[in-house]
Amino acid sequence: MKKTIELAGRVKHLPPYLFDKIDKLKKQARAKGVDLIDLSIGDPDIPTPAHIVDALKAAAPKPEHHRYPAYEGMLAYREAVARWYLRRFGVTLDPGTEVLSLIGSKEGIGHLPLAFVNQGDVVLCPSPGYPVYTIGTMFAGGEPLLMPLREENGYFPDFSAIPVDVLKQTKLMFLNYPNNPTSAVCGRGQFMEAVELAHKYNFIICHDAAYSEVYFNGKKPMSFLEIDGARDVAVELHSLSKTYNMTGWRIGFAVGNADIIFGLGKIKTNLDSGVFQAVQEAAVAALETDDSILAPLRDTYRARRDALYDGLKAIGIEAMRPEATFYLWAKVPARFNSESFAVHLLENAGISATPGNGFGEAGEGYIRFALTVDVGRMKEAVERMRKII
Ligand SMILES: *Cc1c(COP(=O)(O)O)cnc(C)c1O
């Protein structure tokens with residue numbers, strides 16, 4: 001007899017997946033043979049640099065890599081991370097206690113609350129924001145509290161709007177700059193404000209720096225760990241995914257406060273067994289890459305950004321000109337909301353983009369375009385939009 005298989009509450013009560021409708025329409029459009037311009041995917045369209053692929057090829061046959069890796073990552077990898085940090089940010093890290101490998105930064109975000117959040121603890125999450133912050137919190141039994149990121153505050157949370165009794169129950173806060181989806185970059189003063197608050201109310205900060213290397217105007221985004229006192233309260237998560245076009249490889253790292261790294265490591269050693277060591281060797285090659293090889297990549301995104309930003313401006317769509325990330329955050333025209341505009345673009349222009357409310361209620365009224373098609377296609381996307389606006 002067929003049994004009813006009940007989902008656990010934590011899965012049943014997941015918030016509805018807001019991109020469902022768009023995904024279905026996208027599939028339908030493709031099935032109908034529409035020449036879809038897909039600006040909805042946060043995944044680089046450019047391959048991993050060849051010397052990184054070659055390092056994997058050289059490492060893959062080594063028998064020592066065919067056994068279980070250590071969950072915390074090879075010492076050689078953690079040392080390469082520490083060298084990269086010093087070179088890039090001037091921050092010194094102890095590879096023994098302040099660096100941990102991750103199976104992509106998503107894994108670290110998802111597991112961090114399990115290590116530190118008790119039932120009912122508050123976790124402050126940006127809205128709009130990367131969905132894993134709230135979902136990871138809920139899986140751990142915590143209470144996500146959304147901090148709206150508003151244009152007038154430079155897409156940084158207004159901490160003064162958070163009630164003191166909430167701050168007293170807070171265990172963890174997620175921040176993410178350069179920011180997905182808004183592309184906002186933030187400065188030293190804003191990070192200092194966050195560190196001060198975490199000290200005052202005794203909570204952990206997890207800064208997600210997945211886009212620290214995807215910047216356009218020579219102004220390098222800073223590390224959260226450059227702030228005095230940050231190491232007492234914070235970890236920073238990085239990923240090789242966006243920097244080196246390695247989303248499929250699944251490798252990233254957490255750095256910072258040794259106690260937080262230890263706690264996250266406790267979860268990892270009980271749930272996963274780390275990253276294939278050949279991938280770690282390739283990641284060492286990536287981290288040792290001269291920064292100049294990233295210049296053409298930045299030029300590519302910059303050219304696409306300009307094609308899209310200038311084009312949107314010319315047809316009357318207001319947007320923020322991104323200084324970093326490969327996203328462009330635009331206001332939807334007044335007669336639409338996020339979802340109706342995304343549907344309109346799909347059905348009438350063959351363009352898919354991501355409705356802003358899918359990243360949280362505070363994203364309503366916006367749409368996110370990913371800069372993951374070439375300039376020619378980008379210009380065509382603008383041309384198609386011009387005809388239907
Ligand atoms: C892409 C992304 C990640 C996850 O990247 P991984 O591939 O898991 O390393 C994390 N945070 C943000 C904001 C992202 O956009």
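Here is a chat about the ligand shell and one helix pair in a predicted model.

Modeller: Quick ground rules: residues count from 1 along each chain as its sequence is written. In this predicted model local features need pLDDT of at least 70, side-chain atom pairs need 80 or more, totals for chains, interfaces and linings use all residues, and side-chain values use heavy atoms, with hydrogens and water left out.

Biologist: What makes the S239 side chain a polar contact of the ligand?

Modeller: A polar contact is a pair of N or O atoms within 3.5 Å (within protein, one must be able to donate a hydrogen and the other to accept it, and residues adjacent in sequence count only if both atoms are side-chain atoms). An N or O atom in the S239 side chain sits 2.6 Å from a ligand oxygen, so the pair qualifies. A polar side-chain atom of N180 lies 2.9 Å from a ligand oxygen, so that one passes too.

Biologist: How much of the ligand does the protein bury?

Modeller: Alone, the ligand exposes 380 Å², and the protein buries 94% of that. Those areas are Shrake-Rupley values with a 1.4 Å probe; for residues, only the protein chains shown count as cover.

Biologist: Which residues of α5 and α6 are said to meet, and why is that called contact?

Modeller: Contact means heavy atoms within 4.5 Å. K106, I109, G110, P113 and L114 in α5 meet V132, Y133, G136, T137 and F139 in α6, so these have heavy atoms inside that cut-off.

Biologist: What describes the packing of two helices?

Modeller: The angle between their axes and the distance between the axes. For α5 and α6, that's about 35° and 7 Å.

Definitions and conventions. Axes are lines fitted to C-alpha atoms, for helices over the stretch in contact, and angles run from 0 to 180 degrees between N-to-C directions. Helices (H or I, at least four residues) and strands (E, at least two) are DSSP runs, numbered from the N terminus.
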